[in-house]
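I opened this notebook to record what I looked up in the structure. My topics were the metal site and the sheets.

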Amino acid sequence: MSRYLFDPTPVPAVPVRGIAQLYPIRRIFCVGRNYEAHAREMGVIADREAPFYFTKTPLDYVPTGATLSYPPGTSNYHYEMELVVAIGAPAFRVSAADAPASIYGYACGLDMTRRDLQLAARDKGRPWDLGKDFDQAAVLAPLVRAGEVGEMTHGKIELKVNGVVKQSSDLNLLIHPVAAIIADLSKYYHLQPGDLIYTGTPEGVGPVKSGDRLEGSIDGLAGIAAAIA
Ligand code: MN
């Protein structure tokens, strides 16, 4: 007899470019408002002092190429194109200088968002979970190992909807760069291999509708794509 009442949910895992083994996902952290121009389009001033976070459950993961169901409870379903960092070694109270040693790799990610629910929660001072944490809300391309791309401190980040560029920026405009995010997050968590960090989206976020096709890219990384059912 199994020790479990029912089959445990399999651990979500993401492919890694160039190798056969998968990277199992442990936790998903996301940084809010990490580009000045995106904070402005959200009607707020970015906090340059310290980053802030929300989380998604690993079960929200869906691989690039997926067709996304229009999620329930929203009429304003948005894309957010982001650089995702994958942790590969434990990090706790690390300095920004030491943070890169904990990076396994990087990927293109889409932080899919029920914007109406997120903003309603935000404006009432409530948690963002309904807006950010739902099925298929974390689209992710294959990871590219850090050794292949080096430290990602600059490079073009772009998203097209139906072939039209909607988001175009550069990683050097991240208010809190990757090393600073890891250093800050590691003040609050024992980061472990399997932890992913969505680092925030540049300006140009917007709604998608049935039939739309999303294509994202970041210099040096494997591209990401998704369709809306
Ligand atoms: Mn985001």
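The entries below take the metal site before the sheets.

Entry 1, model. I noted at the outset that this is a predicted model.

Entry 2, metal site. I asked which residues are the protein donors of the manganese ion. I found Glu-80 and Glu-82, each through OE, and Asp-111 through OD, at 2.0 to 2.1 Å from the ion. Along the sequence I read the spacing of these donor residues as E-x1-E-x28-D. I located Glu-82 in strand 8 (residues 81-87) and Asp-111 in strand 9 (residues 103-111); this pair is 29 residues apart and links distant parts of the chain.

Entry 3, burial of two donors. I checked whether Glu-82 is buried or exposed. Its relative accessible area is 0%, and because buried means under 20%, I recorded Glu-82 as buried. Asp-111 also counts as buried, at 0% relative accessibility.

Entry 4, sheet of three strands. I traced an open sheet with the order 10-7-16 and antiparallel pairing. Strand 10 (113-114) and strand 16 (206-207) each have a single partner strand, so one side of each lacks a neighbour in the sheet. I counted two bridges between strand 7 (residues 77-79) and strand 16, and I found Tyr-79 opposite Gly-206 in strand 16.

Entry 5, sheet of five strands. I read the order of this open sheet as 6-18-17-13-14, with mixed pairing. Its edges are strand 6 (67-68) and strand 14 (164-170), each with a single partner strand. I noted six bridges in the antiparallel pairing of strand 13 (residues 156-161) with strand 14. Glu-158 stands opposite Ser-168 in strand 14.

Notes:
Residues are numbered from 1 along each chain as its sequence is written. This is a predicted model: local features need pLDDT of at least 70, side-chain atom pairs count only at pLDDT 80 or more; totals for chains, interfaces and linings use all residues. Side-chain values use heavy atoms; hydrogens and water are left out. Two strands pair if DSSP finds at least two bridges between them. Donors are N, O and S atoms within 2.8 Å of the metal (3.2 Å for Na, K and Ca); water is not among the atoms, so sites may look incomplete. Buried means under 20% relative accessible area, exposed over 50%, partly exposed in between (1.4 Å probe, protein chains only).
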